[in-house]
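Colleague: I'm new to this one, so could you pick a single part and take me through it slowly? Please tell me how the pieces around it fit together, too.

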Amino acid sequence: FPGVEAIRSALRDEEARHFTADSAAAAARVEVLVEPVLPRPQLLIVGGGHVGQAVARQASLVGFDITVLDDREEFTQPALFPPGTVTRCGPIARELAAFAFTPDTYVVLVTRGAAHDAEALAVCLPQPLAYLGMIGSRRKVALVRREFLAAGRATEAELDRVYAPIGLDLGAVTVPEIAASIVA
């Protein structure tokens with residue numbers, strides 16, 4: 001009691017459930033509360049510039065634990081991000097190699113340029129991720145894809161996991177709109 005399926009249902013729906021039953025053997029009423037306590041998803045933003053800052057603000061509103069990584073100290077200042085955001089400064093590849101990726105990690109690549117995005121992409125591709133997105137024009141994304149395939153840095157299947165250009169196609173133009181499309 002309450003049974004495996006009832007517990008699975010509560011976990012799947014992420015809702016607390018209260019179960020009661022009368023126990024003839026114990027001559028009492030049995031009550032069980034199943035309350036799922038699930039970890040918050042982790043969002044890793046690679047790039048602390050204006051888009052990274054806007055993504056952090058919007059992602060904090062929907063329940064992500066946020067880490068921002070940049071190789072420029074001025075873009076990892078805690079005051080730029082919502083309270084609780086972890087910031088890391090250092091060479092992108094080194095910092096990513098030290099990051100504890102999990103299947104609940106969402107990664108947003110929004111660095112200051114294609115070379116930095118490609119560097120981060122190379123480290124992130126083999127990781128067990130919930131989401132991997134990279135900012136850029138369709139032209140830039142196609143170029144990075146061709147370069148990775150030609151150099152043997154990734155397979156078609158690995159690159160098919162990358163959401164690029166990143167975000168939902170909402171017709172976003174401004175930085176807040178771009179951030180909304182990414183978080184959505």
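Modeller: Let's start with Glu-14, which is exposed, with a relative accessible area of 57%; anything over 50% counts as exposed here. Keep in mind that this is a predicted model. Glu-14 belongs to the loop between helix H1 (4–13) and strand E1 (17–23). Its backbone is worth a look as well: phi is positive, about 55°, although Glu-14 is not a glycine.

Now for another loop, the one between strand E8 (162–163) and helix H7, where you'll find Pro-165. A cis peptide bond joins Ala-164 to Pro-165, with omega at about -5°. Pro-165 also turns up at the largest pocket: along with Ile-166, Gly-167, Leu-168 and Asp-169, it is among the residues that lie nearest the pocket's centre, out of a lining of 14 residues. That pocket has a volume of about 250 Å³. By type, its lining splits into eight nonpolar, four polar and two charged residues.

Helix H7 (residues 175–183) gives the most to that lining, namely three residues. As for what H7 tucks away, its buried residues are Ala-179, Ser-181 and Ile-182. Look down the helix axis and those buried residues fall within an arc of 160°, so they line one face of H7. Their packing partners are helix H2 (50–61) and strand E6 (105–109).

How values were computed
Residues are numbered from 1 along each chain as its sequence is written. This is a predicted model: local features need pLDDT of at least 70, side-chain atom pairs count only at pLDDT 80 or more; totals for chains, interfaces and linings use all residues. Side-chain values use heavy atoms; hydrogens and water are left out. On a 1 Å grid over the protein atoms alone, a cavity is a set of points where a 1.4 Å probe fits but cannot get out, and a pocket is an open set with protein on both sides within 12 Å along at least five of seven lines; lining residues have an atom within 4 Å of a point. Grid points are joined across faces, edges and corners, and a volume is the space filled by probe spheres set on the points. Helices (H or I, at least four residues) and strands (E, at least two) are DSSP runs, numbered from the N terminus. Ala, Val, Leu, Ile, Met, Phe, Trp, Tyr, Cys and Pro count as nonpolar, Asp, Glu, Lys and Arg as charged, and the others, Gly among them, as polar. Buried means under 20% relative accessible area, exposed over 50%, partly exposed in between (1.4 Å probe, protein chains only). The arc is that of the directions from the helix axis to the C-beta atoms. Contact means heavy atoms within 4.5 Å.
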